[in-house]
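The questions and answers below walk through a single structure, taking its side-chain pairings and its surface in turn. Please keep the sequence and the model at hand while reading.

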Amino acid sequence: QVQLVESGGGLVQAGGSLRLSCAASGSIFSIHAMGWYRQAPGKQRELVAAITSGGTANYADSVKGRFTISRDNAKNTVYLQMTSLKPEDTAVYYCNANIVAVAPTLRYLEVWGQGTLVTVSS
């Protein structure tokens, strides 16, 4: 009943910028923390950035100073603004959200998007 849809991935030159968006929809009562993860070829999925419902953000050391996570609670959307991109940022980026759903029953869910591919060329 709850879905996350990512958008904004693509091919970009090193040093360039890209903005990812993730919109949640469905039988949502509230959304708690949201975050972005990524999985590079041959590597495990890792946390890139997370943000609480109140706007407190945390980042992986590898992206601090380059990436900014934000959210628009009215739109149930989280964003990841990526600047100064490096080839090592190449990965499939996944949106994650902790959601209280109201249907079919009141329940707490951890929901993942399908992922969007970011490729950074040197």
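**Charged pairs, a disulfide and a surface patch**

At 6% relative accessibility, Arg38 counts as buried. The model discussed here is a predicted one.

Q: Which residue in the loop between strand 8 and strand 9 meets Arg38 of strand 4 in a salt bridge?
A: Side chains of opposite charge can pair when their charged atoms come close. Here the N to O distance of the pair is 2.9 Å, and the two partners are 51 residues apart, with Arg38 in strand 4 (residues 28–39). The partner in the loop between strand 8 and strand 9 is Asp89.

Q: Is Asp89 buried or exposed?
A: Asp89 is found in the loop between strand 8 (77–82) and strand 9, and its contacts, not counting residues up to four places away in sequence, include Phe67, Ser84, Val118 and Val120. Buried means under 20% relative accessible area. Because its relative accessible area is 0%, Asp89 is buried.

Q: Which other arginine forms a salt bridge with Asp89, with the closest N and O atoms 2.7 Å apart?
A: This second partner of Asp89 lies in the loop between strand 6 (57–59) and strand 7 (67–72), and the pair links distant parts of the chain, 23 residues apart. The arginine has a relative accessible area of 10% and is therefore buried. With its closest N and O atoms 2.7 Å from those of Asp89, the residue is Arg66.

Q: Is Glu46 buried, exposed or partly exposed?
A: The side chains of Glu46 and Arg38 meet in a salt bridge at 2.9 Å, N to O, and Arg38 itself is buried at 6% relative accessibility. Values between under 20% for buried and over 50% for exposed count as partly exposed. Because its relative accessibility is 36%, Glu46 counts as partly exposed.

Q: Which residues are joined into one network by salt bridges that share partners?
A: The count of salt bridges comes to four, and among them are the pairs of Glu46 with Arg38, Asp89 with Arg38 and Asp89 with Arg66. Arg38 is thus a partner of both Glu46 and Asp89. Through such shared partners, the network is made of Arg38, Glu46, Arg66 and Asp89.

Q: Why is the disulfide of Cys22 and Cys95 assigned a handedness, and what is that handedness?
A: The count comes to one disulfide, formed by Cys22 and Cys95 with their sulfur atoms 2.0 Å apart. The pair links distant parts of the chain, with Cys22 in strand 3 (residues 18–26) and Cys95 in strand 9, 73 residues apart. Because the torsion about the S-S bond is about -85°, the disulfide is left-handed.

Q: Is Cys95 buried or exposed?
A: Its disulfide partner, Cys22, is buried with a relative accessible area of 0%. Because the relative accessibility of Cys95 is 0%, Cys95 counts as buried.

Q: Which residue in the loop between strand 9 and strand 10 takes part in the nonpolar surface patch?
A: The patch covers about 340 Å² and includes Phe29 and Val102. The loop in question runs between strand 9 (91–101) and strand 10 (107–112), and the residue there has 64% relative accessibility, so the side chain belongs to a residue that counts as exposed. The residue that lies in this loop and helps to make the patch is Leu106.

How values were computed. Residues numbered from 1 in each chain as written. Predicted model: local features only at pLDDT ≥ 70, side-chain atom pairs only at ≥ 80, totals over all residues. Heavy atoms only, no water. Patch = residues over 30% accessible without salt bridge, like charges linked within 9 Å, V, L, I, M, F, W, Y side chains within 5 Å. Areas by Shrake-Rupley, 256 points an atom, 1.4 Å probe, with all protein chains shown as cover. Helix = DSSP H or I, 4+ residues; strand = E, 2+ residues; numbered from the N terminus. Buried < 20%, exposed > 50% of the residue type's maximum accessible area, 1.4 Å probe, protein only. Contact = heavy atoms within 4.5 Å. Disulfide = S-S within 2.5 Å.
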